[in-house]
Amino acid sequence: MQTATTPFRLTSFRDKHPSYTDGYEGWRGTSPELGEISVTYPFRPGEERMYSLVEGEGIPTVRYDTKGLHVSAGLGMPTLNRGTLRVGEEEVAMSRNRLGVTEQSRALHLTRGEDEYRLWAITGLHYALARQPAGGRPGVTVRVEHSGKFGIRAMRDGRLHLAFAIEGVAEPADIALAAMFSGVDRSNLTPGGSVRAMFARGRDQVLEIGTGL
């Protein structure tokens with residue numbers, strides 16, 4: 001189902017949770033066409049596992065899992081390393097060029113059935129997700145812009161916002177996937193983040209060899 005999706009905004013929140021000592025945070029708000037939408041993270045089902053979750057009235061549920069020693073380093077959200085993305089029960093294939101030197105060459109590529117997506121960083125806080133034209137359907141781009149000065153108190157008090165702008169006619173899954181990446185660490189898609197990630201991968205590989213994982 002395609003629908004003309006008008007711009008909408010999600011607002012930050014931070015709450016306690018009886019099952020997660022560090023609590024959880026995320027974004028929630030309302031799309032005029034799709035109803036309530038929430039992005040929640042980080043859920044920690046194990047010492048080296050973490051996931052984020054997108055839910056809503058008119059969108060499919062999306063879950064992003066990551067695992068490995070890097071999770072136990074106290075990260076606030078899943079990373080692009082060792083991640084698994086699912087829309088409902090359907091796994092979405094992901095790939096990227098870790099050595100890319102431009103925004104587009106570093107982009108994350110997603111494949112869901114016949115749909116091909118590209119996610120790229122505009123800045124460290126702003127990003128975009130584009131679905132390529134396929135099967136007689138035109139493409140669509142969802143741009144997400146972060147506003148407000150980040151901080152735990154600002155997150156908790158709802159002083160941070162995500163603005164979603166849609167170019168083209170979107171489907172509910174397009175919006176759900178775009179929302180998901182507000183709950184994933186996208187720093188590897190930026191120039192500085194890709195360099196830091198290269199050194200972090202080397203460190204993690206040494207640790208895993210040493211621990212036999």
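**The β3–β4–β5 strands**

Select residues 35–46 and 49–56 of this predicted model. These are strands β3 and β4, which run antiparallel to each other and are paired through six bridges. The two strands form a hairpin, with two residues between them. At Gly 46, the bridge partner to display in β4 is Arg 49.

Keep β4 on screen and add residues 62–67, which are strand β5. β4 and β5 are antiparallel as well, and six bridges join them. Five residues lie between these strands, which form a hairpin. Which residue of β5 is the bridge partner of Arg 49? The partner is Lys 67. Arg 49 therefore serves as a reference point for both pairings, being the partner of Gly 46 and of Lys 67 under the DSSP bridge assignment.

**The whole chain**

Now display the entire protein. Its secondary structure consists of three helices and 12 strands. Of the 213 residues, 47% are buried. The accessible surface amounts to about 10,600 Å², and carbon and sulfur atoms account for 53% of that area. Among contacts between residues at least 6 apart in sequence, 45% join residues at least 24 apart.

**Glu 25 in strand β2**

Select Glu 25, which lies in strand β2, residues 20–31. Is this residue buried or exposed? Glu 25 is buried, with a relative accessible area of 9%. Show the side chain of Arg 14 next: a polar contact of 2.5 Å joins it to the side chain of Glu 25. To complete the surroundings of Glu 25, add Phe 13, Val 39, Thr 40, Tyr 41 and Met 155, which are among its contacts beyond four places in sequence.

**Salt bridges**

Side chains of opposite charge can pair when their charged atoms come close. The structure holds 11 salt bridges, and the following selections show some of them.

Begin with Arg 86 and Glu 91, which form a salt bridge whose closest N and O atoms are 3.8 Å apart. Arg 86 has a relative accessible area of 32% and is therefore classed as partly exposed.

Move to Arg 112 and Glu 90, where the N to O distance in the salt bridge is 3.4 Å. This pair links distant parts of the chain, for Arg 112 belongs to strand β8 (residues 108–112) and Glu 90 to strand β7 (residues 90–96), 22 residues apart. Glu 90 is partly exposed, at a relative accessible area of 33%.

Next, select Glu 171 and Arg 137, whose side chains meet in a salt bridge of 2.5 Å, N to O. Here too distant parts of the chain are linked: Glu 171 is in the loop between β12 and α2, Arg 137 is in the loop between β10 and β11, and 34 residues separate them. How does the classification of these two residues compare? Glu 171 is buried, with a relative accessible area of 11%, whereas Arg 137 counts as partly exposed at 23% relative accessibility. Add Asp 115 to the selection; Asp 115, Arg 137 and Glu 171 are linked in a network of salt bridges.

**Helix α2 and Arg 131**

Select residues 172–180, helix α2. Nine of the nine residues of this helix are buried, so the helix is largely enclosed by the rest of the structure. Among them are Pro 172, Asp 174, Ile 175, Leu 177 and Met 180.

Leave Asp 174 displayed and add Arg 131, which is found in strand β10. Arg 131 is buried, with a relative accessible area of 2%. What does its side chain reach? One polar contact, of 2.9 Å, is made with the side chain of Asp 174. In addition, the backbone oxygen of Pro 138 lies 3.3 Å from a polar atom of the Arg 131 side chain.

**The nonpolar core**

Finish at the largest nonpolar core, which has 42 residues. Which residues have the most contacts inside this core? They are Leu 85, Phe 164 and Phe 181. The element that gives the most to this core is α2, with six residues.

Centre the view on Phe 181. Leaving out residues up to four places away in sequence, Phe 181 touches Leu 80, Leu 85, Leu 108, Leu 110, Leu 119, Tyr 127 and Arg 186.

Methods: Residues are numbered from 1 along each chain as its sequence is written. This is a predicted model: local features need pLDDT of at least 70, side-chain atom pairs count only at pLDDT 80 or more; totals for chains, interfaces and linings use all residues. Side-chain values use heavy atoms; hydrogens and water are left out. Helices (H or I, at least four residues) and strands (E, at least two) are DSSP runs, numbered from the N terminus. Buried means under 20% relative accessible area, exposed over 50%, partly exposed in between (1.4 Å probe, protein chains only). Contact means heavy atoms within 4.5 Å. Accessible areas come from the Shrake-Rupley method with a 1.4 Å probe; for residues, only the protein chains shown count as cover. A salt bridge is a side-chain nitrogen of Lys or Arg within 4 Å of a carboxyl oxygen of Asp or Glu. A nonpolar core is a set of buried Ala, Val, Leu, Ile, Met, Phe, Trp, Tyr and Cys residues joined through side-chain atoms within 4.5 Å. A polar contact is a pair of N or O atoms within 3.5 Å; within protein, one must be able to donate a hydrogen and the other to accept it, and residues adjacent in sequence count only if both atoms are side-chain atoms.
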